[in-house]
Amino acid sequence: MFITFEGGEGAGKSTQIRLLAARLEALGRKVCLTREPGGAPEAEALRELLIHGGTDRWSPEAEALLNYAARDAHLRQTIRPALARGEVVLCDRFMDSTRAYQAYAGGADMGLVDALERAILGPTRPHLTLVFDLDPALGLARAQARGGADRFERKGLAFHERLREGFIAIAAADKKRCVRLDASRSIDAIAAEIASIVEVRL
Ligand code: TMP
């Protein structure tokens, strides 16, 4: 099973993905915990180029291409082999981040993202996507409190408002795969909801 965690900055995805991994391992499942951009050596090298430097360093189209170059390596080297071994793959961000950050918020052509999905993902799609929804003013404050802001965190509130709308639209368009979570609640409340959603699907 392939589960992805999506949403804006500071929404608590990384905390929750670790909690779910520990819970599944305690149930005897083998878990592959990974992230994007990254999750394979070449993909981690591209991550460095994507998240550092000036906000206008890359156009949204170039960001989409770089993220898909990283995703291609990640799929080949990490995700598909783990799925073939029967592991549960938990991925912190995946295809929906490109659609939300580069197309909805950044303005890249949706058709470009559609074409990249078809060419690079093929049939390897998440079975379940948890979309963390949070007021971006709150999320950005949380993200900044935990350390210096990366390129995307510095893109301004209007960008992050469009990003939130993008994730909401993505979740609404694919209700079979996506579940939208209210990320303003306590860590325990969110973890309990995720555990019940995942246990039903497993
Ligand atoms: P992280 O902060 O969640 O580790 O993710 C790194 C940044 O990369 C985050 O600001 C979101 C951004 N990103 C994109 O813009 N497009 C993508 O396809 C992915 C996977 C991440």
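Colleague: What gives the largest share of the lining of the largest cavity?

Modeller: In this predicted model, α7 does, since four residues of that lining come from it. Two or more residues of the lining are also supplied by each of β4 (128-133) and α6 (136-145), as they are by α7 (157-173) itself.

Colleague: How do you know how many cavities of 30 Å³ or more there are?

Modeller: A search of the whole structure finds one cavity of that volume or more, and the largest cavity has a volume of about 120 Å³. Lining it are 14 residues, and those closest to its centre are G7, G8, E9, L134 and R164. Sorted by class, this lining holds six nonpolar, four polar and four charged residues.

Colleague: What makes a space a cavity and not a pocket?

Modeller: A cavity is a set of points where a 1.4 Å probe fits but cannot get out, whereas a pocket is an open set. The largest pocket here has a volume of about 810 Å³. It is lined by 37 residues, of which E9, K13, S14, R93 and R146 are the closest to its centre. Two or more lining residues come from each of α1 (13-26), α2, α3, α4, α6 and α8 (187-201). By class, the lining of the largest pocket divides into eleven nonpolar, 13 polar and 13 charged residues.

Colleague: Why is the ligand said to sit in the largest pocket?

Modeller: A molecule sits in a pocket if more than half of its atoms lie within 2 Å of the grid points of that pocket. The ligand is assigned to the largest pocket, so more than half of its atoms must lie within that distance of the pocket's points.

Colleague: Which residues are closest to the ligand, and how many surround it?

Modeller: There are 15 residues around the ligand, and the closest of them are E9, R47, R93, T98 and Q102. At least two residues of this shell are supplied by each of α2 (41-51), α3 (60-84) and α4 (95-105), and α4 gives the most, with four residues. The shell has four nonpolar, four polar and seven charged residues.

Colleague: Why is the pair between the ligand and the side chain of R71 called a polar contact?

Modeller: The cut-off for a pair of N or O atoms is 3.5 Å, and an oxygen atom of the ligand is 3.1 Å from an N or O atom in the side chain of R71, so the pair counts as a polar contact. The side chain of E9 has an N or O atom 2.7 Å from an oxygen atom of the ligand, and for the side chain of R47 the distance is likewise 2.7 Å, so these pairs also fall within 3.5 Å. Taken alone the ligand exposes 480 Å², and the protein buries 93% of that.

Colleague: What sets the backbone of R93 apart, and where is R93 found?

Modeller: Phi of R93 is near 80°, which is a positive value in a residue other than glycine. R93 is found in the loop between β3 (88-92) and α4.

Colleague: Which peptide bond is cis, the one from E36 to P37 being in question, and what is its omega?

Modeller: The bond from E36 to P37 is cis, with omega near -15°, and P37 lies in the loop between β2 (31-35) and α2.

Terms used. Residues numbered from 1 in each chain as written. Predicted model: local features only at pLDDT ≥ 70, side-chain atom pairs only at ≥ 80, totals over all residues. Heavy atoms only, no water. Near = heavy atom within 4 Å. Polar contact = N/O pair within 3.5 Å; in protein donor to acceptor, adjacent residues only side chain to side chain. Areas by Shrake-Rupley, 256 points an atom, 1.4 Å probe, with all protein chains shown as cover. 1 Å grid on protein atoms, 1.4 Å probe; cavity = no way out; pocket = protein on both sides within 12 Å on 5 of 7 lines; lining within 4 Å. Nonpolar A, V, L, I, M, F, W, Y, C, P; charged D, E, K, R; others polar. Points joined across faces, edges and corners; volume = space filled by probe spheres on them.
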